Amino acid sequence: MSKVYVFDHPLIQHKLTYIRDKHTGTKQFRELVEEVAMLMAYEATRDLPLTEAVIETPVAETKTKVLAGKKLGVVPILRAGLGMVDGILNLIPSAKVGHIGLYRDPETMQPVEYYCKLPSDVAERDLIAVDPMLATGGSAAAAITFMKQRGAKNIKLMCLIASPEGIELVQREHPDVDIYVAAVDECLNDHGYITPGLGDAGDRLYGTK
């Protein structure tokens with residue numbers, strides 16, 4: 001079974017409060033989502049392998065550590081996932097970016113892929129799928145399935161807020177995918193919104209209704 005990591009870092013929790021606040025405007029909301037994504041990526045990459053390097057400081061030659069050449073990728077689930085990408089790239093500028101777009105068929109209620117573009121060497125990369133909200137879990141689980149169908153082997157899912165129902169579904173369908181979140185909320189309401197949540201992340205990021 002995959003692991004769920006809930007980040008309780010004070011800076012993440014502080015910024016998340018203002019992300020939740022309905023009085024936070026679009027500009028500040030967008031900036032906060034980017035900042036929290038960067039802080040979460042710092043924690044989510046804690047297990048990256050290191051290798052030894054020899055460098056010269058202004059004083060002496062020394063042995064030190066560098067990343068062991070592991071290739072990384074960020075895959076936002078459109079559209080709200082885009083709001084998290086720049087924060088991660090600020091921390092890991094060499095990461096490649098893919099995109100997955102989904103919509104829910106109104107008759108079958110199943111996620112349908114309308115766009116998927118991933119790095120060509122997807123099988124060799126550690127991928128972080130990002131979406132601010134993990135509500136029912138259907139879109140995230142489907143996106144991960146589409147990534148695996150294209151050869152992805154190492155995937156993490158990173159969301160700001162998750163519901164217990166969404167976590168349960170992703171764990172059931174993808175027991176090999178660890179989940180990283182800033183908060184696990186109480187439940188989903190009758191409309192499928194995370195409660196207390198933060199509302200519609202896409203609308204709040206881009207000022208739409």
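**Entry 1: A141 and A140**

I looked up A141 first and found that, leaving out residues up to four places away in sequence, A141 touches L169, V170, E173 and H174, where contact means heavy atoms within 4.5 Å. I located A141 in helix α4; helices (H or I, at least four residues) and strands (E, at least two) are DSSP runs numbered from the N terminus. A141 counts as buried at 1% relative accessibility. I take buried as under 20% relative accessible area, exposed as over 50% and partly exposed as in between, with a 1.4 Å probe and protein chains only. I also noted that the C-alpha atoms of A141 and A44 are 19 Å apart in space, with these positions 97 residues apart in sequence numbering.

The model is predicted, so I note that local features need pLDDT of at least 70 and side-chain atom pairs count only at pLDDT 80 or more, while totals for chains, interfaces and linings use all residues. Residues are numbered from 1 along each chain as its sequence is written, and side-chain values use heavy atoms, with hydrogens and water left out.

I then turned to A140, which also lies in helix α4. A140 is buried, its relative accessible area being 5%. Beyond its neighbours within four places in sequence, A140 is in contact with I77, L134, L157 and V170. I recorded a C-alpha separation of 8.0 Å between A140 and L157, 17 residues apart along the chain.

**Entry 2: helix α5**

Which residues of α5 are buried? In this helix (residues 164-173), I found G166, I167, L169, V170 and Q171 buried. The cover over the buried residues of α5 includes β1 (4-6), β9, α4, β10 and β11.

**Entry 3: nonpolar cores**

I define a nonpolar core as a set of buried Ala, Val, Leu, Ile, Met, Phe, Trp, Tyr and Cys residues joined through side-chain atoms within 4.5 Å. The largest such core has 36 residues, of which I19, M40, I88, M158 and L160 touch the most other members. Two or more residues each come from α1 (10-20), α2 (26-44), β4 (71-78), α3 (82-91), β8 (125-130), β10 (154-162), β11 (178-184) and α6 (201-206). The largest contribution is that of α2, with eight residues. A second, separate core holds 28 residues, including C116, L118, L134 and V170.

I followed I19 further: aside from neighbours within four places in sequence, I19 is in contact with F29, L32, V33, V36, L160, L198 and R204. I12 has its place in helix α1 and counts as buried at 0% relative accessibility. With neighbours within four places in sequence left aside, the contacts of I12 are F7, V36, L39, M40 and A182. The C-alpha atoms of I12 and E35, 23 residues apart along the chain, are separated by 8.5 Å.

**Entry 4: the largest pocket**

I used a 1 Å grid over the protein atoms alone, on which a pocket is an open set of points where a 1.4 Å probe fits, with protein on both sides within 12 Å along at least five of seven lines; lining residues have an atom within 4 Å of a point. The largest pocket has a volume of about 710 Å³, a volume being the space filled by probe spheres set on the points, which are joined across faces, edges and corners. Of its 26 lining residues, D131, M133, A135, S139 and D200 are the closest to the centre. At least two lining residues each come from β4, β6 (99-104), β7 (111-117), β9 (133-134), α4 (138-149) and α6. By class I counted 14 nonpolar, eight polar and four charged residues in the lining; Ala, Val, Leu, Ile, Met, Phe, Trp, Tyr, Cys and Pro count as nonpolar, Asp, Glu, Lys and Arg as charged, and the others, Gly among them, as polar.

**Entry 5: D185 and the cis peptide bonds**

D185 is found in the loop between β11 and β12 (187-188), and is buried at a relative accessible area of 8%. Not counting residues up to four places away in sequence, D185 touches R20, I161, A162, P164, I194, T195, P196 and G197.

Most peptide bonds are trans. I noted a cis peptide bond between T195 and P196, with omega about 5°, and P196 is in the loop between β13 (194-195) and α6. Another cis peptide bond joins L78 and R79, with omega about 0°; R79 has its place in the loop between β4 and α3.
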